[in-house]
Amino acid sequence: MLFRLFPFSIFFAFFCFIAGYFFQQLGLKQWANYFLNSGLFFLILVYAKAALGFLNLAMQSLYRSAQHYISVPATHARVELSHRHKLHHQAQLHKNHKKQLLYRHSQARNRFIKANNRNQAIQLSKAIRSHLHAKRKALPQTDYLAYRQALQNNHRTQNIDGLLQLQFEIIHR
């Protein structure tokens, strides 16, 4: 309703300005001042109507937004979205925790395997050393020293295959 009178007010303001200009040209200062002040009043009234109209639209929009925000379907939608977000977050936490556990278990398994291999290399080296010591008198000195050097090298590098091959050579010699 406020905007229906808007074009008429603009037209009337400009009509007053034009009438005031003509009265000023005719030399009627009192009438010119009256029409120019009336035109200014109507122009201010137009701006006031526009400002009130925009304020009214903003308030209506704000009211509708607030009404929609507190409505039951919107509230349920927000709660459901919150639950979905929480479930997604928990799933991500579970996934990351699972990755962490798998990593820790693989690290522990690798440490265990490394320690087990080291123990087996030590036991195999002891067994080879005892076989080598037992055959010390039967072997030539150069072969004995070569086997002993190979045993030390394979033991230091923990080369299980080299140790097994060395044990096979010593036993079958």
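## A walk through an all-helix pattern

Read from one end of the sequence to the other, the protein chain follows the pattern α-α-α-α-α. That is five helices and zero strands, where helices (H or I, at least four residues) and strands (E, at least two) are DSSP runs numbered from the N terminus. This is a predicted model, in which local features need pLDDT of at least 70 and side-chain atom pairs count only at pLDDT 80 or more, while totals for chains, interfaces and linings use all residues. Residues are numbered from 1 along each chain as its sequence is written, and side-chain values use heavy atoms, with hydrogens and water left out.

Let us begin with the overall form. The radius of gyration of the protein chain is 50 Å, well over the 16 Å that the globule rule gives for 173 residues, so the chain is more spread out than a compact globule. This radius is taken over C-alpha atoms, and the globule rule is 2.2 Å times the number of residues to the power 0.38. Along its principal axes, the C-alpha trace spans about 145 × 45 × 15 Å. Buried residues make up 17% of the 173 residues; buried means under 20% relative accessible area, exposed over 50%, and partly exposed in between (1.4 Å probe, protein chains only).

Now to the interior. The largest nonpolar core has 11 residues in all, among them A121, L139, Y144 and L163. Such a core is a set of buried Ala, Val, Leu, Ile, Met, Phe, Trp, Tyr and Cys residues joined through side-chain atoms within 4.5 Å. The elements that give two or more residues to this core are α3 (72-134), α4 (141-157) and α5 (160-171), and its largest share, four residues, comes from α3.

Two residues help to show what surrounds this core. I170, one of its members, is in contact (heavy atoms within 4.5 Å) with I128, H131, L132, K135 and Y147, leaving aside its neighbours within four places in sequence. Q167 has its place in helix α5 and is buried, with a relative accessible area of 17%. Not counting residues up to four places away in sequence, Q167 touches L124, A127, I128 and H131.

What of K126 in helix α3: is it buried or exposed? K126 is exposed, with a relative accessible area of 53%. From K126 to L151 there are 25 residues in sequence and 9.8 Å in space, C-alpha to C-alpha.
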